[in-house]
Amino acid sequence: PPLELYETPVNMFVASFLGAPKINFLSVRLVGSSSAGTVVELSDGTTVAVPIPADGVAKGSLLTMGIRPEDLSPSDGDFRIPFEMDLQEQLGPTSYLYGQSGTEKIIAESRLRISLKSENVRSLGAASERVHLFLPDGRSLRQIASKEVIV
């Protein structure tokens, strides 16, 4: 079913193919992993605990974090990513925030019905349970963990 593919994509291609605007991809480094989840480091040094195990993946490995625009917020989240806003596009009750986190382009969807100033938006919040992690070959760690496949 399309919603299941959207919520738990099997790989980066499927994640990027479904949804508009497209999913955001950030390069991260694996800091540690247990059966409860994985800790990754963002480019600015921020560490994030994600409830997706990365069994069999070496510490220090480069991974890709996927976060959908609707899962980023200028106000909420249990972790934050650095963000430099270039533009806010207001479309009625929904706004799209365009900018970058480090060198990677980011789009966030906001339901705040206010105009945001770029100097006031320095980070975006996200919920760790809404994050996707992908191996260098593009496979989803969430899918691998749910099928108990050894990496």
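**Close-up views of a predicted model**

**View 1. The side chains of R139 and D137 form a salt bridge.** In this predicted model, a nitrogen of one side chain and an oxygen of the other are 2.8 Å apart. R139 is partly exposed, and its relative accessible area is 34%. D137 is exposed, with a value of 52%. The cut-off for exposed is over 50%, so D137 at 52% falls in that class, while R139 at 34% falls in the class between buried and exposed.

**View 2. E7, D71 and R130 belong to one network.** Salt bridges with shared partners link these three residues. Which residue does R130 meet at 3.3 Å? The partner is D71, and the distance runs from N to O. R130 sits in the loop between β10 (123-126) and β11 (132-134), and D71 sits in the loop between β4 (62-67) and β5 (72-73). The pair therefore ties together parts that lie 59 residues apart in sequence. The two partners also have their own accessibility values: R130 is partly exposed at 29% relative accessible area, whereas D71 is buried at 14%.

**View 3. R111 and E109 make a salt bridge between their side chains.** The N to O distance is 3.8 Å. Is E109 buried or exposed? E109 is buried, with a relative accessible area of 17%. R111, by contrast, is exposed, with a relative accessible area of 56%. Buried requires a value under 20%, so E109 at 17% meets that cut-off. The count of salt bridges in the model comes to four; among them are the R111 and E109 pair and the R130 and D71 pair.

**View 4. Strands β2 and β3 form a hairpin.** Strand β2 covers residues 37-41, and strand β3 covers residues 47-50. How do the two strands run? They are antiparallel, and four bridges join them. Five residues lie between the strands. One residue in the turn, G45, has a positive phi of about 95°. Across the pair, E41 stands opposite T47 of β3.

**View 5. Strand β3 has a covered face and an uncovered face.** Which residues lie on the covered face? They are V48 and V50. T47 and A49 make up the uncovered face. T47 thus appears in two views: on the uncovered face of β3 here, and opposite E41 in the hairpin.

Terms used: Residues numbered from 1 in each chain as written. Predicted model: local features only at pLDDT ≥ 70, side-chain atom pairs only at ≥ 80, totals over all residues. Heavy atoms only, no water. Buried < 20%, exposed > 50% of the residue type's maximum accessible area, 1.4 Å probe, protein only. Pairing = 2+ DSSP bridges.
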